[in-house]
Amino acid sequence: MKKASLTILVLLLFISCKKEVRVDFSEEIIETSEGAEIALNFPKAEGTKDVTNRINQTIENYIIEQINVSESDTTNGNLNDAIAKFNNEYKRFNTDFPDAAQQWEAFIDGEVTHRSPEIISIAITSYLDTGGAHGNSSVRFFNFNPQTGEQLQTNDLVSNLQGLSEVVKKQLIIELKADNSDMEDVFFGKEFQLPETLGYSDEGLIVLYNPYEIASYSQGIVEFTIPFEDINSFLKIN
């Protein structure tokens with residue numbers, strides 16, 4: 001009897017000591033036109049410190065990577081330093097090439113596309129123009145474990161890659177008005193591939209191909225959503 005009581009006491013102590021994880025999001029806005037035009041708008045995690053720090057650092061590291069136009073990164077993971085460095089690179093370019101002076105732009109827009117007890121999904125849209133013929137835009141999804149803040153990779157989300165690939169390929173053919181034999185042309189001579197990242201929404205799995213992932217004739221970003229009920233058997237998290 002005493003042994004059973006001791007076991008229950010230890011269990012109760014374990015439960016009471018277990019920290020409740022809380023993750024909320026606010027909107028972080030950074031804008032400056034002191035040189036280049038820079039506008040950053042992205043979700044900032046707040047709550048349980050170790051969890052939110054992991055989420056925020058992952059997102060900020062990606063933004064730093066996006067606005068880094070030099071061959072080396074000397075920002076040490078500091079977003080404000082990265083902004084200052086982008087401005088300095090812009091000013092140096094205008095000094096070195098006054099006849100080719102053109103406004104540089106860096107725009108980042110992020111949003112939480114889905115939240116559940118199992119996953120937090122965030123989409124980050126980037127647009128960068130450093131004086132070329134046109135700017136470059138891309139979208140990347142970040143999926144996180146809400147209990148730890150660790151980033152989830154495709155293999156953490158998908159239990160049957162082949163099954164999911166078949167569904168995505170079928171829908172991609174419809175979106176591109178192509179046929180099965182065109183897939184090698186779409187993927188630059190390679191076989192069909194899933195996009196680099198997958199996102200979650202309340203309606204289903206977001207499939208998005210950036211222009212550099214598929215052939216240019218697709219005319220920019222290709223995006224569609226597959227309802228969860230069509231692919232639940234292929235997912236670890238739904």
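Two strands count as paired if DSSP finds at least two bridges between them. Keep that in mind for the sheets on this tour of a predicted model.

**The whole chain**

Show the chain as a cartoon and colour it by secondary structure. There are seven helices and nine strands. Of the 238 residues in the chain, 39% are buried. Look also at how the chain folds back on itself: among contacts with a separation of 6 or more, 53% are between residues 24 or more positions apart.

**Stop 1: the three-stranded sheet**

Select β7, β8 and β9. These three strands form an open sheet in the order β7-β8-β9, with antiparallel pairing. The edge strands are β7, residues 198-200, and β9, residues 222-227, and each of them pairs on one side only. From one strand to the next, the twist averages 25°.

Begin at β7. A hairpin of three residues joins β7 to β8, and the two strands run antiparallel with three bridges between them. To see one pair, select Gly199 and look across to Ile206 in β8, which stands opposite.

Now move to the other side of β8. Strand β8, residues 204-209, pairs with β9 in the antiparallel sense over six bridges. Which residue in β9 stands opposite Val207? Select Phe224 to see the partner of Val207. For another pair, select Leu205, whose bridge partner in β9 is Ile226.

Show β8 alone with a surface around the rest of the chain. Are the residues of β8 buried or exposed? Six of the six residues in β8 are buried, and the strand is mostly covered.

Next add α5, residues 161-176. Helix α5 lies across β7, β8 and β9 and runs at about 130° to β9.

**Stop 2: Phe188**

Select Phe188, in the loop between α6 (183-186) and β7. Phe188 has a relative accessible area of 52%, so it is exposed, the cut-off for exposed being over 50%. Its backbone is worth a look too. Most residues other than glycine have a negative phi. Phi of Phe188, however, is near 55°, a positive value.

**Stop 3: the six-stranded sheet**

Select β1 to β6. Six strands form an open sheet here, in the order β1-β2-β3-β4-β5-β6, and the pairing is mixed. At the edges are β1, residues 23-32, and β6, residues 151-152, each pairing on one side only.

Within this sheet, pick out β4 and β5. They run antiparallel and are joined by nine bridges. One place to look is Leu128, which stands opposite Asn136 in β5. Then show α2, which packs on the sheet and touches β1, β2, β3 (105-115), β4, β5 and β6. The direction of α2 makes about 165° with that of β2.

Add α3 to the view. Helix α3 lies across β1, β2, β3 and β4, and runs at about 175° to β2.

**Stop 4: two loop residues beside α2**

Select Thr48, in the loop between β2 (37-47) and α2 (49-67). Is Thr48 buried or exposed? Thr48 is buried because its relative accessible area is 10%, and buried means under 20%. Leaving aside neighbours within four places in sequence, Thr48 is in contact with Lys19, Glu20, Val21 and Arg22. Show those four residues as sticks to see what surrounds Thr48.

Now select Asn68, in the loop between α2 and α3 (79-96). Asn68 is partly exposed, with a relative accessible area of 24%. Draw a line from the C-alpha of Asn68 to the C-alpha of Phe86: the two are 6.6 Å apart in space, and 18 residues apart in sequence.

**Stop 5: the largest pocket**

Return to β4 and β5 and show the surface. Rolling a probe the size of a water molecule over the atoms shows where empty space is left. The largest pocket has a volume of about 160 Å³. To mark it, select the lining residues: Gln66, Ser126, Leu128, Asp129, Thr130, Gly131, Gly132, His134, Gly135, Asn136, Ser137 and Ser138. Which elements give two or more residues to this lining? They are β4 (120-129) and β5 (136-144). Colour the lining by class to finish: there are one nonpolar, ten polar and one charged residues.

Definitions and conventions: Residues are numbered from 1 along each chain as its sequence is written. This is a predicted model: local features need pLDDT of at least 70, side-chain atom pairs count only at pLDDT 80 or more; totals for chains, interfaces and linings use all residues. Side-chain values use heavy atoms; hydrogens and water are left out. Helices (H or I, at least four residues) and strands (E, at least two) are DSSP runs, numbered from the N terminus. Buried means under 20% relative accessible area, exposed over 50%, partly exposed in between (1.4 Å probe, protein chains only). Contact means heavy atoms within 4.5 Å. Axes are lines fitted to C-alpha atoms, for helices over the stretch in contact, and angles run from 0 to 180 degrees between N-to-C directions. On a 1 Å grid over the protein atoms alone, a cavity is a set of points where a 1.4 Å probe fits but cannot get out, and a pocket is an open set with protein on both sides within 12 Å along at least five of seven lines; lining residues have an atom within 4 Å of a point. Grid points are joined across faces, edges and corners, and a volume is the space filled by probe spheres set on the points. Ala, Val, Leu, Ile, Met, Phe, Trp, Tyr, Cys and Pro count as nonpolar, Asp, Glu, Lys and Arg as charged, and the others, Gly among them, as polar.
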